[in-house]
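Biologist: Please take a close look at one part of this structure, the interface between the chains. I should like a connected account of how that part is built.

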There are 2 protein chains.
Amino acid sequence: MRISELSAASRVPIPTIKYYLREGLLPPGEQISATRAVYGEPHLRRLRLIRALLEVGRLPLTTIHKVIEAVEDEQLGVHEMLGVAHYALAAEVEPGDPDDEEWRAAREQADTLVEEYGLRLSPQAPTRDELAQVLVTLARLGVPASADDLRPYAEAARRLAAEHEMSRIPVTGPRDAAVEALVIYTVLYGRAFDVLRRMAQESASAFAAEAGS
Amino acid sequence: MRISELSAASRVPIPTIKYYLREGLLPPGEQISATRAVYGEPHLRRLRLIRALLEVGRLPLTTIHKVIEAVEDEQLGVHEMLGVAHYALAAEVEPGDPDDEEWRAAREQADTLVEEYGLRLSPQAPTRDELAQVLVTLARLGVPASADDLRPYAEAARRLAAEHEMSRIPVTGPRDAAVEALVIYTVLYGRAFDVLRRMAQESASAFAAEAGS
């Protein structure tokens, strides 16, 4: 298809497509004359992925570049590629000062919890710092969280990830589609859970209010 | 205690305390002379609550005003007061245009899910629009979510809310403390779960990669 058709099919404006081509985010089309190129399914898939990374993952373009590089690096196994995308989705955490006693304690507690819950994580996983940041905030507010406090959350997370999430990522199809699915499930189902949890809290509170009256 | 001691105990600077007094967020101290007032435990508790609403809830001052009004309105039952705080924590959602076919369908689906999952929610609960927004995004990306897709999330949320969350809110003690606990559990445990879920995803992926190799 021509660039105008690619634009119509992807709902991405032509100038934006041209920008992605210049930036190397989208591979060039097949040149069929000096002034005309044609595009195919892989281009459509790539545009879907870029849109998901931008609109759902809310990632900056420099981070999107890194994810696309991993997608295009066929030397990289599927799981390594997914790992790059997954780490890109981590919240920006100002890693704490290692000389700060509170931060060091929180970061150690995070590592201990990872081990205790049987999570298999890279030592470099950015989620370790993210968890430490939540722990340090709870401690500063005077309500430190213990391993038992967080265990029901870790258990629920483990079940959802193992039974409902990772199995939905199409790891044998096109690499773009696998990363797109990962972004969608990680971010949007995460947001859905956050809403459902607040709904469940209101509901539990309504039942409690009734029982108490 | 004097204002300087209140500042030391709460770690809130004196000018900030004076600002809260002027704004009516903090009730006045007991005037013991023309130029001196003393403060007590309730003031400390209120400062803790304001800090939680600001730093954890990241709420704007106008919203914090509304929450504090609910705390001070003793006519309001504890559960109604908690409801005000809970709604204040909802994400800002631009409610969709009711003439937009996609939005209307998503909002209807959200209401149907609430009923299907047996959640007892006010018709005005802002979480309904929040859920609709996630549903419309999934549909636009070509991966609409069904009731079955979201059921495991609703189930996990229900269990956490009923067994681990609402029971921790001290509904019989000081009203400030109940709202503070609600903010902390809703926001920080929500953040903790989000991190634990991404940890569990990496872990599940590591096990899958090993099984596949």
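Modeller: UniProt, in an unreviewed entry, places the feature "domain: HTH merR-type" at residues 1-70 of chain A. What follows concerns a predicted model. In that model, residues 1-70 of chain A are 63% helix and 6% strand, and the end C-alpha atoms of the span lie 26 Å apart. Helix α3 of chain A, residues 41-56, falls within these limits. A:R48 forms a salt bridge with A:E180, with a distance of 2.9 Å from N to O. This pair joins distant parts of the chain, for A:R48 belongs to helix α3 and A:E180 to helix α9 (residues 175-212) of chain A, 132 residues apart. Over all chains, the structure holds 34 salt bridges.

The relation between the two chains comes next. A turn of 180 degrees, with a shift of 0.0 Å along the axis, lays chain B on chain A with an RMSD of 0.0 Å. This is therefore the relation of a two-fold axis. Within chain B, B:A156 has the C-alpha nearest the axis, at 3.1 Å from it. The copies meet through the same surface, because 100% of the interface residues of chain B are also interface residues in chain A.

As to the extent of that surface, 70 residues of chain B are in contact with 70 residues of chain A. The size of an interface is often expressed as the accessible area lost when the parts come together. Here chain B and chain A bury about 6800 Å² between them, and 67% of this area is on carbon and sulfur atoms.

Charged and polar pairs also cross the interface. There are 6 salt bridges between chain B and chain A. One of them links A:R198 to B:E130, whose closest N and O atoms are 2.8 Å apart. In addition, 28 residue pairs are in polar contact across the interface of chain B and chain A, both residues being at pLDDT 80 or more. On the side of chain B that touches chain A, the elements giving two or more residues are α3 (41-56), α5 (78-88), α7 (127-140), α8 (147-165) and α9 (175-212) of chain B. The largest share of this side comes from α9(B), which supplies 26 residues. By class, the side of chain B that touches chain A comprises 41 nonpolar, 12 polar and 17 charged residues.

Technical notes: Residues numbered from 1 in each chain as written. Chains lettered and ligands numbered in written order. Predicted model: local features only at pLDDT ≥ 70, side-chain atom pairs only at ≥ 80, totals over all residues. Heavy atoms only, no water. Contact = heavy atoms within 4.5 Å. Buried area = accessible area lost by both parts, 1.4 Å probe. Salt bridge = Lys/Arg side-chain N within 4 Å of Asp/Glu carboxyl O. Polar contact = N/O pair within 3.5 Å; in protein donor to acceptor, adjacent residues only side chain to side chain. Helix = DSSP H or I, 4+ residues; strand = E, 2+ residues; numbered from the N terminus. Nonpolar A, V, L, I, M, F, W, Y, C, P; charged D, E, K, R; others polar. UniProt positions renumbered as here; feature names shortened; annotations may be inferred. Least-squares fit on C-alpha atoms with pLDDT ≥ 70 in both.
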